[in-house]
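Trainee: I have a new model open and would like to walk through it with you. Shall we begin with its overall make-up?

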Amino acid sequence: MNEPDLIAPQRRRRHSAEFKAQAIKACQQPGVSIAAIALHYRLNANMLRTWLTAHERATAMEQPGSSAVRPVAEFIPLQLAGKPETVATQDIVIEVRRGAATITVRWPSASAAECAGWLQNWLR
């Protein structure tokens with residue numbers, strides 16, 4: 001009886017700083033995908049993304065006055081044009097056409113939740 005051929009485990013590859021810099025530079029070109037660059041250099045795309053992120057963080061730290069932390073988006077309330085009373089007093093208008101018949105339903109905007117419930121039931 002023959003013993004099956006054993007497959008030797010692959011060892012992790014070590015990449016030089018020059019190789020990493022070359023791959024990162026290729027990723028920074030406009031219109032290229034990280035997956036395509038990873039295939040070209042025979043790398044895992046996730047590993048290349050990790051190198052790219054680490055490079056971007058290091059670059060951000062080196063630049064004076066820059067912050068590595070991105071600002072958090074905040075909610076900014078906007079004022080609507082016109083008076084708030086006129087916006088709130090407009091009616092909800094629903095127009096349904098079926099063949100030659102047209103039905104128009106006007107609902108006060110103050111009871112929009114009831115209008116939504118009625119419309120859901122009507123559409124079933």
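Trainee: How many helices and strands does the protein have?

Mentor: Happy to help! This is a predicted model, in which local features need pLDDT of at least 70, side-chain atom pairs count only at pLDDT 80 or more, and totals for chains, interfaces and linings use all residues. Residues are numbered from 1 along each chain as its sequence is written, and side-chain values use heavy atoms, with hydrogens and water left out. Helices (H or I, at least four residues) and strands (E, at least two) are DSSP runs numbered from the N terminus; their order is α-α-α-α-β-β-α, giving 5 helices and 2 strands.

Trainee: Which elements give two or more residues to the largest nonpolar core?

Mentor: Such a core joins buried Ala, Val, Leu, Ile, Met, Phe, Trp, Tyr and Cys residues through side-chain atoms within 4.5 Å. The largest one has 12 residues, including Ile24, Ile37 and Trp51. The elements asked for are helix H1 (17–27), helix H2 (34–41) and helix H3 (45–62).

Trainee: Which residues does Trp51 touch, leaving out those up to four places away in sequence?

Mentor: Contact means heavy atoms within 4.5 Å. By that rule, Trp51 touches His15, Phe19, Lys20, Ala23, Ile24 and Leu43.

Trainee: Why does Leu119 count as partly exposed?

Mentor: Leu119 lies in helix H5 (residues 112–123). Buried means under 20% relative accessible area and exposed over 50%, with partly exposed in between (1.4 Å probe, protein chains only). Leu119 counts as partly exposed because its relative accessibility is 26%.
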